Amino acid sequence: MDQWLRDNLVCPRDHLGLDLHESVLVCGQGHRYPVVDGIPVMLLSEVEQTLWVASASLTRANAQDAGSAPDEIPYADTLGIDPDEREQLRRLPPGPVDPVVQMSIAKTCGRLYAPVIGRLTSYPIPELRLPPGHGARLLDIGCNWGRWSIAAARLGYDVVGIDPSLGAVITARRVCAQLGLAGRFVVADARYLPFAPAIFDVGFSYGVLQHIDKDLAQLALAELGRVVRPGATVFIQLAHLYGVRSLTNYARRGFRAPVKFDDIRYWTLAEMKSVFTRLIGPTSLSVDAYFGLGIQSSDVAILPLRYRMVVRSSGLLRRMSLALPFMRRFADSIYVTARRNGAPARPSA
């Protein structure tokens with residue numbers, strides 16, 4: 001197990017230090033966390049999970065025979081794919097892109113990527129709109145196969161990624177190694193971060209908090225405020241209620257309240273600014289994308305021709321919004337940037 005993780009992981013229940021005993025991390029209160037193939041599994045069994053893959057990860061991590069057969073994708077049953085997709089995963093021929101990435105690309109990057117499932121010839125690594133890292137430590141919440149962790153590592157950040165899927169974080173570690181990049185990965189819940197206080201310089205998340213209820217998102221933000229240092233940057237993507245595509249999709253589901261993980265939780269700009277200012281510190285908003293969520297100009301070459309105009313138009317409007325701030329009101333995807341105040345806040349009751 002990585003030495004930095006041994007030094008900086010704490011019990012997510014009581015924040016006590018941990019000792020490693022034969023592939024199990026144990027705190028002073030006796031809480032135990034298995035380490036599977038070098039990956040700490042720091043999930044809490046007694047809480048309601050936000051995504052079923054967390055329960056699958058706990059089951060596999062605690063099983064006596066937690067490993068996979070040599071001819072299988074490691075921990076495929078924790079990846080959030082159905083049996084038919086798992087069979088397709090096994091049948092994918094070897095190539096330059098990891099088969100897990102090939103099969104999960106639309107689920108992790110958005111619907112525009114559905115036509116390229118199983119057909120990627122390179123990894124779709126986006127542009128991370130942060131300054132060069134120069135070794136600053138970045139926490140990537142909900143890293144999945146490591147797309148944004150890789151973007152951060154290439155920009156010079158020392159990256160730690162968390163995700164509730166054991167199979168996903170093992171894939172992230174595998175892809176980073178394939179690309180010659182360093183990265184640390186932990187199976188964890190954003191609401192109960194297993195890290196010592198004030199050890200990260202940047203807190204980042206993309207396409208994650210919009211999938212959980214807003215009260216749970218506030219728990220995650222309060223936890224993030226605990227583990228980033230004073231003065232740190234928190235950089236989070238959220239779905240904007242009044243984006244043109246967002247309103248259309250919201251209307252299609254009858255403006256009903258979200259129920260499933262896949263149901264997007266839409267935020268107003270005022271909500272974003274108010275919640276982040278209270279829980280983290282001074283906050284500003286900027287445009288990520290128009291016409292949908294997950295649209296990245298860096299991916300235009302890998303998408304079908306019919307989607308390239310959407311991506312290019314989104315990029316053009318985003319650049320225009322830098323000079324015309326009122327255009328934020330119509331964006332579908334927003335970046336929230338907050339500067340951590342000196343004392344951690346608590347979510348409202």
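Strand E3 contributes five residues to the lining of the second largest pocket, and that is the biggest share any element gives. Keep in mind as you look around that this is a predicted model. The pocket itself, the second largest, has a volume of about 250 Å³. Its lining is made up of 15 residues, and those closest to the centre are Val24, Tyr33, Pro34, Ala61 and Asn62. Two elements give two or more residues to this lining: strand E3 (32-36) and helix H2 (52-62). What classes of residue make up the lining of the second largest pocket? You will find 10 nonpolar, three polar and two charged residues there.

Now follow E3 into its sheet. Four strands build an open, antiparallel sheet in the order E1-E2-E3-E4. Strand E1 (18-20) and strand E4 (39-40) are at the edges with a single partner strand each, so one side of each has no neighbour in the sheet. E3 and E4 run antiparallel and are joined by two bridges. To see where they meet, find Val35, which stands opposite Pro40 in E4.

Let's finish with one residue elsewhere in the chain, His240. Look for His240 in the loop between strand E9 (228-239) and helix H8 (244-252). Is His240 buried or exposed? Its relative accessibility is 1%, so His240 counts as buried. Leaving out residues up to four places away in sequence, His240 touches several others, including Ser246, Tyr266, Trp267, Met272, Phe330 and Ala331. With Ala331 there is also a polar link to look for: a polar atom of the His240 side chain lies 2.8 Å from the backbone oxygen of Ala331.

Terms used. Residues numbered from 1 in each chain as written. Predicted model: local features only at pLDDT ≥ 70, side-chain atom pairs only at ≥ 80, totals over all residues. Heavy atoms only, no water. Buried < 20%, exposed > 50% of the residue type's maximum accessible area, 1.4 Å probe, protein only. Polar contact = N/O pair within 3.5 Å; in protein donor to acceptor, adjacent residues only side chain to side chain. Contact = heavy atoms within 4.5 Å. 1 Å grid on protein atoms, 1.4 Å probe; cavity = no way out; pocket = protein on both sides within 12 Å on 5 of 7 lines; lining within 4 Å. Points joined across faces, edges and corners; volume = space filled by probe spheres on them. Nonpolar A, V, L, I, M, F, W, Y, C, P; charged D, E, K, R; others polar. Pairing = 2+ DSSP bridges.
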